[in-house]
Every structure is written in C-alpha cells, then in structure tokens.
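Please walk me through this structure. Start with the packing around one residue, then widen the view to cores, domains and a helix pair.

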Amino acid sequence: MHDGEKKEMKWIYEIIVGKIPPFSLLSYQYSILLQLLFLLVLGIILGLVFHLKTISLAYGSLGILVAVLWSMLILQQGPTLRKFRAPLSKDENELLERYKGILFHKNHYEAIPGVAIFVPFMLYLFYDGSGLLKNWLGENPNILLLFFVGLLIWDICYRMGLGIWTSILALWRSLELKKLAEKRTELEHTPYTELRALRKLDINNVFFGLISLLLLPLLKSDPPFVVMVFAFMTFITFTSFVSAYLISKVPWLPPDIYNLVKESSFAYVGTSLKGVTHITPVVYVFDGQRIFFNTSKEAKKLKVMRKNNKVAFLIDKRDMSNIYENKAVLFTGNVKIYGVLDIPLRLIQMLRTLRLFITKYPEYTRKYSTSELPKAWQLTPIIARILVEVKPARIIYWRGAKQISVPV
Amino acid sequence: MKIPDEMLNILYGNYFGYVCTSDRFDMPHLTPVFFVYDGQSQKIFFITNEKSKKVKNILENPNVSITIDIRDPVNPFNNEGVMAQGTASITEKGPIYFLPEETLQLYRDIYLEFKGKYQAVIENKPMGENDVIVQINIEKMVYWKGPHFKSVKIDKEGKVTMVKSK
C-alpha cells in the first residue's frame, strides 16, 4: 500500500455484484441467496413461457445450485484476506502480500482459467453437435433460453476457474509459508487466527471440489465430461487438502515463545468463579501445536473450570541472578476438559499426550504411580487425572521487564 | 493462633509471586510480580504500573489471589507453596503533597522493604511515576508440600484460624 492507495482485492464478479443494487446493499451471504432466487425465478419463468419439461427445470436448478454453493465458498476468500492481519515476520508478510497481489491481480488473471474452460465448452456445445443441449432444453430451443443457459454455463465455468486459480495459489502459498516459518527468529510469526483463516479457506476449497460432483447428472450422457469432472474434483480436493495440511504444520508461536513453552517444566493456571480467583502450579506438555495440562479429579480448579472455562495460563523462566533474562508468556482463553466421551473420539491424541507426559516427567510419573499416595494424586490416566487442553485467545509475552503483546 | 511457620518461610524466602485477578466477565489474568510480606499487618504488597491489566481488573473486581511456590522439576514431593486469596486495595495516586500521611508512610515502608529484598536487582531504581502499591488483604491461605495441605483463615481483625490440615 503506497501513496495511500488501498488495494481493492476484489474479483470481477465481486466488483460487478458490488455495483448493482439491490445486491450491493446486502451482506454477501444474503446477496448470494438473492442471486440464487433471482436466477431461479428467471429460469422458471423462461421454462414456463417456453413450455420446458420438468427435467429441464431440474437441470437448470441444479446448475444454479452448484454456482451458488461455489460462490458461497469461494467468495469468502476476498473478505477473509482483506481482513488478514500482517504477519510479524518480514518474509512471511512479503509472501502473503505477493499471494494476495496475484490472487486479486488488477488485470483479473483469475478469469483466465474460467474463459479457458468456457470458450472450448461453448464451441463444443454449439458446433460439435453434442447431444447435451438437446438433452437439457429439448428440440429447437428459443434464443432467449440459449442465452440464459449460456449465462449459467459462464457462471459455472468462471467459478470452476476460480477454484483452480485459488487452489493452485493456495498450495504455493502454503509450501512457501511452511519453508519461511522454519527460518523465523525471535518473535517472528504469522498470528494463529490468520493461519486458521488460511486453513479454513483451504478446507472450503476441499468442499468446493466435492461439490463439482453435483454436475455429473447434467453431463452423464457425455462420458468424456464425466471423466473431466472427476479429474477436476480430484485436483481441487487434493491440492486444497495438502495446502490445509501444510498450514496446520506451520508453528503458530514465534520461536522465542515456542522455545519457552517447549523447555519450561511448570505452568500456573489461574481461574475465576464469580470473581473469586484461584491459582495453581501444574505440569504440562506441548506437542508443538497444542498445550495440555493435568489436574486431579478432586482439584478445586477442575470444579471451577467446569463452571467457567476461561483461564489464564502462565509459563515463565525465572532467575534471580539475572532478571533481564527472565521471560514469561501468558495465554488467556478457554480450556477443553477431556472426559470419558473423548476416549473413543480422541484416543490417539490422549495416548500421545500421556506419552509426552511420561517422557517429560519420568520421575513424576513414577512417583505418582505408587499406591501409597492419596487417590487424587495417583497418575491413573483419565480415572483420577483429568486432561485439560488450553485454547488461547490472547498471548502476552514479557522479556526482561518489557511487555510485548503477541497477536494470536 | 499465628500463621504457621511453613507459610511464613515461603512468604519470606521467595522472590516471585504470581498474582491472579479477573475482570467483571470472570476472565482471569495472571502475572509474575515481586512482592513483600509484612508480618506486622499480615498483608502482602506489590508494586505495579497503574495502567496495567491487573490494576484495571482490581478496580472492576477486588478479589485477587497470589501463589508463591518452590518447584522441583524432578520430585513432586518437594513442591511446596502457598496460595493466598483475599481482596486488593490500591494506594491513591496523586501528587505526593496531596497524599495523606499514612499513605506516604506506607510508600516509604514498602519501598524500603522492596529495596532490602530485591537489592540485587532493582539497584536503587526509584518508584516509577505511574507505579502504585497494591495491598493484598489475605482472607484465606493454603499451604502445600507434596500431597499435604494446610489452610488458614484470617478475619478482619487479623485473627488466624486453622481450617484444615492433612
């Protein structure tokens, strides 16, 4: 952003829709619903005027449905990325700016794949004597109907193109981001919520790919197209899935905090119920992505957390000989308390966490296991010890005496 | 009865305390602090910036707790500590010549104690312009060592009663 010029970050479609009332006056979900209704009503009117068969109306509606579902998924890219907060790493920020720059290029390259699908398809449809048109509209369809169908095909092809465009770029962005994340220093990182937002866009695209299967009934009379739809579906779901996976492997904590959390042995958990606060030291583990701590089933904090799951979770390095070396990180947010119901659903996660505890605190595990201890202290997994996961919404980091707020 | 020695040993013998406050939405907040325990008044004091989140929280909800502990990464039976729960009051802020004598005296006393205790690290640094003294009026205090617990209550007159011990 230079000379106060703000990048618009919109695709052609969004620009057009954004200029035509009443669509321009509505939030985008409603605008999409209204477009669906508008097309549907128009299609039905045309169908009635030209005495189309019910099956033709069904085909048309299916086409509209696909276009609208796709719009709902893909049009989240603009608003999500417009809100995207800059990563606290120069390289990662440059990468994401470059990504956004290409994705929403002012020359609207995003329309190219759509045109590349639309033009050959239309040529095939009208000049190659394909049976598809007859299939959809019957013999000798009116020019108005053809125009409407052409419009609908363009709508679908344009979005197909967007699907290809966004998923290729997403895969590239995720690969690069993962690579850059390995070279971070100190407090460099991309905030957690932004990583999650990218991941959500990728997961949207996985669904985008799957939805293309709805086109099969429209094309079933033409086997090569059936194959192409499958190829399209596989390509989009696969690239988007890989991209989402790569994003989930990008550490969401900057290296300084990551190392502090990884290396410390103790944490303090602060809870609050009806204004009365409570603090206890706990042992915890960190698997690189998630933080877990253990509590006894009898513990006061567990009873409190069941009523109010907001917590403050502090990890610090304290050293009186050099206080400027002291570090602390505070996570505030919610906790998830694992219960019996989680055993079948999250067994692997729970066993992995238990193993982390055993490796991190071998002595603790041994001592907790002796039966001479009060029942609440014995490390009988799940029965007497409850696993709790910290889900941070905010992170505050202190280094020396300075406080640094780290966006989550 | 008096506050048990185990508790006093922890309160006098450690440098770091962890203060938990919460706002009116019951969202807890936790920070490490330097603190002093004053045996005479049986209160805990710490100095903080008046713009800090904990001060903001205390103004919304005066209930606080503070934990002071010794932690042993190898043997959990050596883990020892106290948690005190009570209410916090913050000294008035204002130009120094408008403050009542008792507040000034408190500033002097607490500051001297801080200087004594944290001499090695605060190096004669005067109290900052935006610093306030927070006083914790202890109502309840729990002591633990390994799996053993002891807890006491302190009433408004400073009378200590044992609640339980195991």
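This is a predicted model. Begin at V82(B). Set aside its neighbours within four places in sequence, and V82(B) is in contact with M7(B), I10(B), L11(B), I68(B), M141(B), V142(B) and Y143(B).

V82(B) also belongs to a wider network. The largest nonpolar core has 80 residues, and V82(B) ranks with L314(A) and I66(B) as those with the most contacts inside it. Strand β6 of chain B, residues 131-145, gives the most to this core: eight residues. Chain A takes part too. Its domain 1 (12-248) and domain 2 (255-406) each supply at least three residues to this core. In general, nonpolar side chains in soluble globular proteins tend to be buried together.

A second core stands separate, with 36 residues. Among them are L96(A), W136(A), C157(A) and L162(A).

Now step back to the layout of chain A. Chain A is divided into domain 1 (12-248) and domain 2 (255-406). Taken over C-alpha atoms, the centres of these two domains of chain A are separated by 43 Å.

Next, the helix pair. Helix α5 (residues 90-103) and helix α8 (residues 143-181), both of chain A, have axes that come within 10 Å and cross at roughly 175°. Because of that angle, α5(A) is roughly antiparallel to α8(A). On the α5(A) side, the contact uses D91(A), E92(A), L95(A), Y99(A), I102(A) and L103(A). They meet T166(A), L169(A), R173(A), E176(A), L177(A) and L180(A) in α8(A). What is the make-up of this contact of α5(A) with α8(A)? Its residues divide into seven nonpolar, one polar and four charged.

Conventions
Residues numbered from 1 in each chain as written. Chains lettered and ligands numbered in written order. Predicted model: local features only at pLDDT ≥ 70, side-chain atom pairs only at ≥ 80, totals over all residues. Axes fitted to C-alpha atoms, helices over the stretch in contact; angles between N-to-C directions. Helix = DSSP H or I, 4+ residues; strand = E, 2+ residues; numbered from the N terminus. Parallel < 35°, antiparallel > 145°, perpendicular 65-115°, else oblique. Contact = placed C-beta atoms within 7 Å. Nonpolar A, V, L, I, M, F, W, Y, C, P; charged D, E, K, R; others polar. Core = buried A, V, L, I, M, F, W, Y, C linked by C-beta atoms within 7 Å. Buried ≥ 20, exposed ≤ 12 C-beta atoms within 10 Å, placed from the backbone. Domains from an automatic or database assignment.
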